[in-house]
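Have a look at the model below before reading on. We'll go through its hollows, a pair of helices and a few unusual backbone spots.

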Amino acid sequence: MRHGLNRISVAQGIGGVMVFFRGACGLAMSALIFASAASGLALTERAYAASSAGTVTVYDTELVRAVPQQYIGFSIDPANLCHVVRLAQTTPAFVQLFRNLGPGTFRIGGNTGDKNASWSSTAASPTCRWNGLVITPGLVRSFFAFAEQVGYRVMWQVPLNNGESRQDAAEAAYVSTMPDLYSIEIGNEPNYYYDASTDYQAYIDDWATIYRDYIADDGEAPVTGPAATVSATFYINPFLDQHATDVIADTGHWYAGTALSKPTCSTLLHSTSRASTAAGVAIASNHGLPFIMNETNTYTGYGMSGVSNAYCSALWAADYTLNGLAVGASGMYFHGTADYPPGNSHGQVQYYTPITQDGTPAPEYYGMLFYYEVAQAGGSQVAASIAHVTGVDAYAVAGSDGKLRVALVNHGSTTTPIVITTARSYSRATEISLTAPALDSLSGVRLGKASVASDGTWTPAPKAIVVSGKRSTVTVPAYVSTVVTYSR
C-alpha cells in the first residue's frame, strides 16, 4: 500500500473533542464513547501531508456502559434460507465463520419475506424463490437448528403486505415456539408500501391486526418493529406513538446510498453513517426503547462492484459497527449473507455481503471480525479522546477479562503515529491490524497478519508493542485499523 500524497475526497468531522451520547432506555444496551479526529462536515479534495503524532487519552478507570450482548449480526433475506441451510449442513467452514463472531444474532427478513411470501403448514417442502417464497415448519426447524449450533439468537420477520393476516399470525405463533428466538417482526420497510407517506395509518392498523391475531394464537415471543428506513420518521413516529408498549425494541434500516450513484471507496469511507444511526437511537430513546439497526450495508441495487466487495468495505464496517455503539445502538446486522440470485429481492448477484454465495468470507467480514476483537470480552465501554490528528477515530472497551482494548481506525491517507495515554498502568500490550494490498483490493485482506483459513478458523499473530506504565506509541498506516490490547 502506498502512503503519502494520494488525493482522495475526505469527509471531515469533529476534531479533538470527546463526545458523549445518552443511550436508549429499555433493554440492556450501551454507547461506546468515541472521538472523531476529522474537523468539519464538508467534503473536500486535498492532499494529506505528513503529520506529527496524534494523542489519544483513555479514561479506563471511568466505566461508561456495559457492552451489549449479541450486538453483531447477519440479516438474511427469507428466500435465501434454503441456501443458507444447505451450506450449514454441508460446509463446516461456513458454520465456523459464525462461531468466529458469536454469540450473535440472525435477523431473518427482507423484501422476499413480505408481499409475495406465504406460510404453509402442509406443503411437503419450502419454496425459496425471491418472488414466491413459501415458508414451512420444516424450514423453520432446520434454520433454528443451525442457529442453535452456532449460538445465535434469531429475529424472525413475517409478512405484513401480502393480504394473508391470519396465515402471517399463524407463522409468527409457530416460530415463537422455537429455541433462541429473540423476537417476531411484522413486515419489512412499510414506509415503501404504496401511498405509505399519506396512508401510513392503514398499514399501522394492518400491523395491529396481525399482532392481535398473533397474541390470540398464543404467540410466546416478544415483538420488535417497525423495521422501517431510519429516515422515514413519517411512519416510525406514529407507529411508536401507538405501539411502543407492544415492542421491546425499535428496529431500523440504513444503507450508505445507492449503487446507481457510482460511489467510490472514498465515498463509502466518508458516508453519513454516524448521523443516521444516531437519528435512529434518538427516536427510539424518545419512546423509551433501545434501537437495533437490523438491516444495513453499503449500497442498495446489488451493492457497488469494486467498493461493496472490496477492502474499503471492511475498513468502513470496522468503524461503522464501533460508531454504532458510540451513538447508542443495541445491535447492527449486516444484510446479504451468502446471498445467491434466487434468494434475494432482485434475483441478481449481490456485491454487498459479509459472506459470499459459496460460503467464504468477503472483505466486509473482516470488518465485523475487527469489531469482535474489540468487544469480545464484553465488559464496559470507556471514554477516549483524540487530538492533533485528522482522519482517525478512537474507541475503547475495558473487557470483563481485565484487559483494555483501544481501537484506532485510520480512514485517511496519512500514516499516523499515535501516543496513547491511559489512566491505569499496564505491563504488556499487543496490537493486531486490519490490512490489505490496496483500498480497492478484492482479496488479500488480513487481520492480525492472518486471513481466515479454508476451514473457517482464524488465528491472528499479535505484535508486541512497548508500553511504559500509562504511555505507549503505535503507528497506524493509511487506511488501516488497529486494536491495541493492554494487560495489567
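One cavity of 30 Å³ or more turns up in this structure. A cavity is a set of points on a 1 Å grid over the protein atoms alone where a 1.4 Å probe fits but cannot get out, and lining residues have an atom within 4 Å of a point. The largest cavity has a volume of about 60 Å³, the volume being the space filled by probe spheres set on the points. Its lining includes Pro78, Trp156 and Glu171.

Keep in mind that this is a predicted model, where local features need pLDDT of at least 70, side-chain atom pairs count only at pLDDT 80 or more, and totals for chains, interfaces and linings use all residues. Residues are numbered from 1 along each chain as its sequence is written, and side-chain values use heavy atoms, with hydrogens and water left out.

Next, the second largest pocket, with a volume of about 310 Å³. A pocket is an open set of points with protein on both sides within 12 Å along at least five of seven lines. Of its 19 lining residues, Glu189, Tyr192, Tyr255, Glu295 and Thr300 lie nearest the centre. Strand 12 (250-258) and strand 13 (291-300) each give two or more residues to this lining; strands here are DSSP runs of E with at least two residues, and helices are runs of H or I with at least four.

How do helix 5 and helix 6 pack? Helix 5 (residues 196-216) and helix 6 (residues 233-243) meet at an angle of about 35 degrees, with axes 10 Å apart. Axes are lines fitted to C-alpha atoms over the stretch in contact, and angles run from 0 to 180 degrees between N-to-C directions. Among the residues making the contact (heavy atoms within 4.5 Å) are Tyr200 and Trp207 of helix 5 and Phe234 and Phe239 of helix 6.

Now for the backbone. Most residues other than glycine have a negative phi, and most peptide bonds are trans. Two residues here have a positive phi:

| Residue | Phi | Loop |
|---|---|---|
| Glu189 | near 50 degrees | between strand 10 (181-186) and helix 5 |
| His388 | near 65 degrees | between strand 15 (380-387) and strand 16 (392-398) |

Glu189 is buried (under 20% relative accessible area, 1.4 Å probe, protein chains only), at 10%. His388, at 59%, counts as exposed, which means over 50%.

There are cis peptide bonds too: one joins Gly102 and Pro103, with omega about 0 degrees, and another runs from Gly225 to Pro226, with omega near 10 degrees. Pro226 is found in strand 11.
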